[in-house]
Amino acid sequence: MELQQFSIKQIHQHLLQKDFSARELAEHYLRTIKKEEPEIAAFLAVSEEAALAQAEAVDEEIKQGQEVSWLAGVPGAIKDAILVQGQKCTAGSRILENYSAPYDATAVAKLKKQGAVILGKTNLDEFAMGSSTEHSAFQATKNPHDLTRVPGGTSGGSAAAVAANECVFALGSDTGGSIRQPASFCGVVGLKPTYGAVSRYGLIAHASSLDQIGPLAKNVEDCQIVFEAIKGQDKNDSTSSDTDSRSVNVELKNVKIGIPSEYFGEGLEKATREIIESVIKKAAKAGAKIQEISLPHSKYALACYYLVSTSEASANLARFDGIKYGLSREANELADVYFQSRGQGFGPEVKRRIMLGTFALSSGYYDAFYAKAQKVRALIKQDFAKAFEQVDFIFTPVSPFPAFKIGEKIDNPLKMYLSDVLTVPISLAGVPALSLPVGQDGHLPVGLQIISRPFNEQGIFQIGQQLEKIIS
Amino acid sequence: MIDKNLVEKVAHLARLELSDNEKTKMQRELSAILDYMALLNEVEVSQVEPFSAANKLFNITRTDEAAVGGEQVAQKIIEQFPRKNNNYLKVKAIL
């Protein structure tokens, strides 16, 4: 049996029917990891023993006739910014190179409770800052569709691992596009949940008003199953809330889809435009009402994002000071411990962002930069709220272009930031969005971004599934 | 907009030690980025309330009780100390 072909529900059936064991499934994925990793380099660490033990526990439960959930025995990978107890958690940084997670992130605890098998930790841009995974302090991950190209970032390891069949699903995190863009580049499904839908407890913080943990998988149904498992209010995250659990029944023929003109401007590459327009036509053919809309403050979103997120990051990364944990440089004076530990432990992109954020928050500049950005953000959020009075979903490309070459943008920070232009507005507004693979530019995957109003993940998944069928 | 002086001042605030090379590079890169930020000058915001993160904001409290994590939790934290003396975190004197 070719084990990697199976979806989560199929795996579940086969396990119950005892066609193969959870241990055999885990072994298969661990073998695939060994085979692919020399080229893909998606994993920073593989936890073989722990994974096999988790798998065996599930096999025992099945043997005892106990009821097991969909995710029992299903192998997944976790982005290395999300804590898995007892395993190293580096955030892709030298400053946490030897840091061992003292507890499980809530999302991870929930997966473990369902019997999911955790294969290891995946690569990321340092502290989730970047758009290509090239800013990892440890290794560069390659795009499985083209090894000379980036997998996207910052959840590049997670996206590549799913695309290379090294795991069934993965968890990533998204602050400005870090699940959606790598999902698009690697041809997998990825969800950025509504801000607050998934607990951030145990996610190493980048920007606290933007960060969300989310699932990546090969198809929409699998993505939804993982989301359902990890979502929910958590007393350890006061910004988390429960989504509406009532079932929704959404069909393409009954929905209004908004197409914002601002997302289809000059910077959009021709092949990407054609692919997205073709999907919109297919949705129309299935009965959806297509409406041109405007999100007028879109052009300010990138500037707004790089002020808000860097300001928050400068505060969040202040804890890495060489005192209680992490890299610590020996020095004569206390202040020098801070300066040197941080100076040597952080990579260039992280330093750049801390500097930008510190500047934006500093006296004399605070009003012109941070305070201004927070007001522009309110306008961007309003744009989406107004749009969702008219339409149910918004369709856009995820990225203006498919996966770029390794090294292509690394020397130009601003150019790298511009990769995020289509994903950051969604993050600023706090609304949910899915990246769905809908075509290829040559051999490079192209993703559709499906956006909806807060806490309508169910609606997004249903539309996603219907589109999946139409496109295949 | 950003001169070397300002780079040094901000680096100091951020407790980041930068080499001369890094400072030069940083000045160039931050200048380019901040030039881009000038785009926000176009937006009229005098009547706008700043963004608030959650859809509804209210305080979440718990009873004022000490949560007892015990030996295990303490050990996990102590294990990570870069410098320690028995179970005490060792730091530079501030005199």
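**Exercise 1. Two helices in contact**

Find which residues of α9(A) meet which residues of α11(A), then work out how the two helices are oriented in this predicted model.

*Solution.* Start with the contacts. On the α9(A) side you will find A:Tyr306, A:Leu307, A:Thr310, A:Ser311 and A:Ser314; facing them in α11(A) are A:Arg353, A:Ile354, A:Leu356, A:Gly357, A:Thr358, A:Ala360 and A:Leu361. Next, sort these contact residues by character: 6 are nonpolar, 5 are polar and 1 is charged.

Now turn to the geometry. Helix α9 spans residues 301-316 of chain A and helix α11 spans residues 348-361; their axes come within 7 Å and cross at roughly 100°. Angles from 65 to 115 degrees count as roughly perpendicular. Therefore α9(A) and α11(A) are roughly perpendicular to each other.

**Exercise 2. Backbone oddities in loops**

Look at A:Thr133, A:Thr154 and A:Asn165, and describe the backbone at each.

*Solution.* Let's take the loop between β3 and α5 of chain A, where A:Thr133 is found. Phi of A:Thr133 is near 70°, which is positive although the residue is not glycine. Is A:Thr133 buried or exposed? Buried means under 20% relative accessible area. A:Thr133 has a relative accessible area of 0%, so it is buried.

A:Thr154 also lies in the loop between β3 (117-122) and α5 (156-163). Check the peptide bond that leads from A:Gly153 to A:Thr154: it is cis, with omega near 10°.

Then move on to the loop between α5 and β4 (169-174) of chain A, which holds A:Asn165. Here too is a positive phi in a residue other than glycine, near 60°. For accessibility, partly exposed covers the range between 20% and 50%. A:Asn165, at 22% relative accessibility, therefore counts as partly exposed.

**Exercise 3. The interface of chains A and B**

Describe the interface of chain A and chain B, from its overall extent down to one salt bridge.

*Solution.* Begin with the residues: 62 of chain A are in contact with 46 of chain B. Together the chains bury about 4,900 Å², with 71% of that area on carbon and sulfur atoms.

Which three residues supply more of the area that chain A buries against chain B than any other three? They are A:Phe339, A:Met355 and A:Lys375, with 15% of that area.

Finally, look for charged pairs. The rule finds 5 salt bridges across this interface. One to inspect on your screen joins B:Glu42 and A:Lys299, whose closest N and O atoms are 2.9 Å apart. The cut-off for a salt bridge is 4 Å, so a pair at 2.9 Å qualifies.

Conventions:
Residues are numbered from 1 along each chain as its sequence is written. Chains are lettered from A and ligands numbered from 1 in the order in which they are written. This is a predicted model: local features need pLDDT of at least 70, side-chain atom pairs count only at pLDDT 80 or more; totals for chains, interfaces and linings use all residues. Side-chain values use heavy atoms; hydrogens and water are left out. Helices (H or I, at least four residues) and strands (E, at least two) are DSSP runs, numbered from the N terminus. Buried means under 20% relative accessible area, exposed over 50%, partly exposed in between (1.4 Å probe, protein chains only). Axes are lines fitted to C-alpha atoms, for helices over the stretch in contact, and angles run from 0 to 180 degrees between N-to-C directions. Angles under 35 degrees count as roughly parallel, over 145 as roughly antiparallel, 65 to 115 as roughly perpendicular and the rest as oblique. Contact means heavy atoms within 4.5 Å. Ala, Val, Leu, Ile, Met, Phe, Trp, Tyr, Cys and Pro count as nonpolar, Asp, Glu, Lys and Arg as charged, and the others, Gly among them, as polar. Buried area is the accessible area (1.4 Å probe) that two parts lose on being put together, summed over both. A salt bridge is a side-chain nitrogen of Lys or Arg within 4 Å of a carboxyl oxygen of Asp or Glu.
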